[in-house]
Structure formats: structure tokens, C-alpha cells
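Take a walk through this fold with the model open beside you. The route starts at a pair of charged side chains and then moves outward.

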Amino acid sequence: MTTEQIKNWIKSQDSDFTGRIQMGGVDGNAECFLGVYPGQNQGPAHIAIGGPACTSYDTLTARLLLRWGKSQPAAEAKAQALWGLFYGLTCTKMDGAVVAYAEPGAGPVSLGRGPDGVFEYVVSLKLIYMKE
């Protein structure tokens with residue numbers, strides 16, 4: 001599974017992100033944009049007894065940076081909607097990958113306003129997915 005598959009799945013779930021989403025960065029000139037960044041995997045590798053050939057799942061972490069306008073209520077609502085796409089998500093196909101479980105944390109975290117006055121939020125995501 002890759003961050004590109006996450007990006008493509010989010011676009012398929014919410015048409016507001018069409019043309020407003022990319023991997024590894026955000027368009028600093030756009031008031032409404034979502035950046036999908038690879039996260040830092042922590043802890044040991046998940047390897048089953050019997051080795052990699054017997055390992056059926058892996059994890060992927062990502063950070064979703066949302067910049068969504070100069071209205072705090074609208075930005076917060078969009079951040080909650082983005083977080084809600086992943087809350088309680090189980091057994092879902094994401095652009096070809098089978099996600100067994102999504103953990104989006106306790107909720108979106110406000111980063112306040114960027115230098116241009118646009119409200120920013122981050123969702124830290126951990127996905128457990130089935131290996132192919």
C-alpha cells in the first residue's frame with residue numbers, strides 16, 4: 001500500500017478534493033487543499049513466525065494536512081469530515097489495497113492559521129492492510 005492509494009481513495013470519497021490534493025506537499029497558493037504525506041512508522045517490523053512469506057498484513061502511516069479557507073467553522077467541519085472518512089473504517093478496498101482497519105487518532109488537530117490566514121488541520125493516520 002502507498003500514500004498514492006490513500007490519495008486516490010480520498011478523491012473517490014469526496015469530490016471537493018478533485019484538483020485539490022497531492023502527495024508530499026500542499027499548494028500554498030490555494031485556500032482549499034489537502035496534502036498526503038508519508039508518516040513515520042514506529043516500532044518493530046511486523047513479521048509472522050515463519051518469516052515474511054507467512055506475514056499477511058503490514059501497516060502504513062500517513063499525515064493528512066488540510067488547508068481549508070479562512071472560515072474557522074468551515075475548516076473545522078471539513079477536517080472532521082476528512083477524519084470521519086477513516087473513523088471506524090474496516091475491511092475496505094482503497095485503490096486496490098485491502099485495508100483491514102484504519103486508526104485516524106482521536107480527531108483532527110488544529111494547527112491554527114497559516115501565514116496567509118488559511119486554517120490548517122492535520123489527521124495522523126495508521127492503516128493496517130493485507131499484503132498481496
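Are Asp14 and Lys78 buried or exposed? Both residues are buried. Keep in mind that the model is a predicted one.

Asp14 and Lys78 form a salt bridge, with their closest N and O atoms 2.6 Å apart. Asp14 sits in the loop between helix 1 and strand 1 (21-23), while Lys78 belongs to helix 2, so this pair ties together parts that are 64 residues apart in sequence. Lys78 has a second partner. Asp16 also forms a salt bridge with Lys78, and here the closest N and O atoms are 2.7 Å apart. Asp16 lies in the loop between helix 1 and strand 1, so its pairing with Lys78 in helix 2 ties together parts that are 62 residues apart in sequence. The result is a network of salt bridges that links Asp14, Asp16 and Lys78.

The burial values add detail. Lys78 has 9% relative accessibility and so counts as buried, since the cut-off is under 20%. Asp16 is partly exposed, with a relative accessible area of 36%.

Side chains of opposite charge can pair when their charged atoms come close. A search of the whole structure finds 5 salt bridges. One of them is formed by Arg67 and Glu120, whose closest N and O atoms are 2.8 Å apart. Arg67 is in strand 3 and Glu120 in strand 7, so the pair ties together parts that are 53 residues apart in sequence. Arg67 counts as buried because its relative accessibility is 3%. Glu120 counts as buried too, at 15% relative accessibility.

Now compare Lys7, in helix 1 (residues 3-13). Lys7 is buried yet has no salt bridge. Its nearest side chain of opposite charge is Glu4, at 4.6 Å. A salt bridge requires the nitrogen to be within 4 Å of the carboxyl oxygen, so Glu4 does not qualify as a partner. Which residues does Lys7 touch, leaving out those up to four places away in sequence? They are Ile21, Gln22, Met23 and Val36.

Return to helix 2 (residues 72-86). Its 15 residues, at 1.5 Å a residue, should span 21 Å, and the end C-alpha atoms are 22 Å apart, which agrees. The buried residues of this helix are Ala75, Lys78, Ala79, Leu82, Trp83 and Phe86. Viewed down the helix axis, they fall within an arc of 135°, so they line one face of the helix. What covers that buried set? The cover includes helix 1, strand 2 (32-38), strand 3 (57-68), strand 4 (90-94), strand 5 (97-103) and strand 7 (119-130).

Leu66 shows one piece of this packing. Leu66 lies in strand 3. With 1% relative accessibility, Leu66 counts as buried. Outside its neighbours within four places in sequence, its contacts include Ala75, Lys78, Ala79 and Leu82. Leu66 also contacts Phe17, Phe33, Leu34, Phe119, Glu120 and Tyr121. The C-alpha atoms of Leu66 and Lys78 are separated by 8.5 Å, and the two residues are 12 apart along the chain. Lys78 thus appears both among the contacts of Leu66 and in the salt-bridge network.

Next comes the nonpolar interior. In soluble globular proteins, nonpolar side chains tend to be buried together. Here the largest nonpolar core has 27 residues. Those with the most contacts inside it are Ile6, Ile10, Leu64, Leu82 and Phe86. Helix 1, strand 2, strand 3, helix 2, strand 5 and strand 7 each supply at least two residues of this core. Strand 7 gives the most, with 6 residues. Follow Ile10 for a closer look. Not counting residues up to four places away in sequence, Ile10 touches Phe17, Ile21, Leu34, Leu64, Leu82, Leu85 and Phe86.

Finish with the backbone beyond helix 2. Gly88 follows this helix and has a positive phi, near 75°. Cys91 is not a glycine, yet its phi is also positive, near 45°. Cys91 lies in strand 4. At 67% relative accessibility, Cys91 counts as exposed. Asp95 has a positive phi of about 50°, although it is not a glycine. Asp95 is placed in the loop between strand 4 and strand 5. Its relative accessibility is 41%, so Asp95 counts as partly exposed.

Key
Residues are numbered from 1 along each chain as its sequence is written. This is a predicted model: local features need pLDDT of at least 70, side-chain atom pairs count only at pLDDT 80 or more; totals for chains, interfaces and linings use all residues. Side-chain values use heavy atoms; hydrogens and water are left out. Helices (H or I, at least four residues) and strands (E, at least two) are DSSP runs, numbered from the N terminus. Buried means under 20% relative accessible area, exposed over 50%, partly exposed in between (1.4 Å probe, protein chains only). Lys and Arg count as positive and Asp and Glu as negative; His and the chain ends are not counted. Contact means heavy atoms within 4.5 Å. The expected span of a helix is 1.5 Å times one less than its number of residues. The arc is that of the directions from the helix axis to the C-beta atoms. A nonpolar core is a set of buried Ala, Val, Leu, Ile, Met, Phe, Trp, Tyr and Cys residues joined through side-chain atoms within 4.5 Å.
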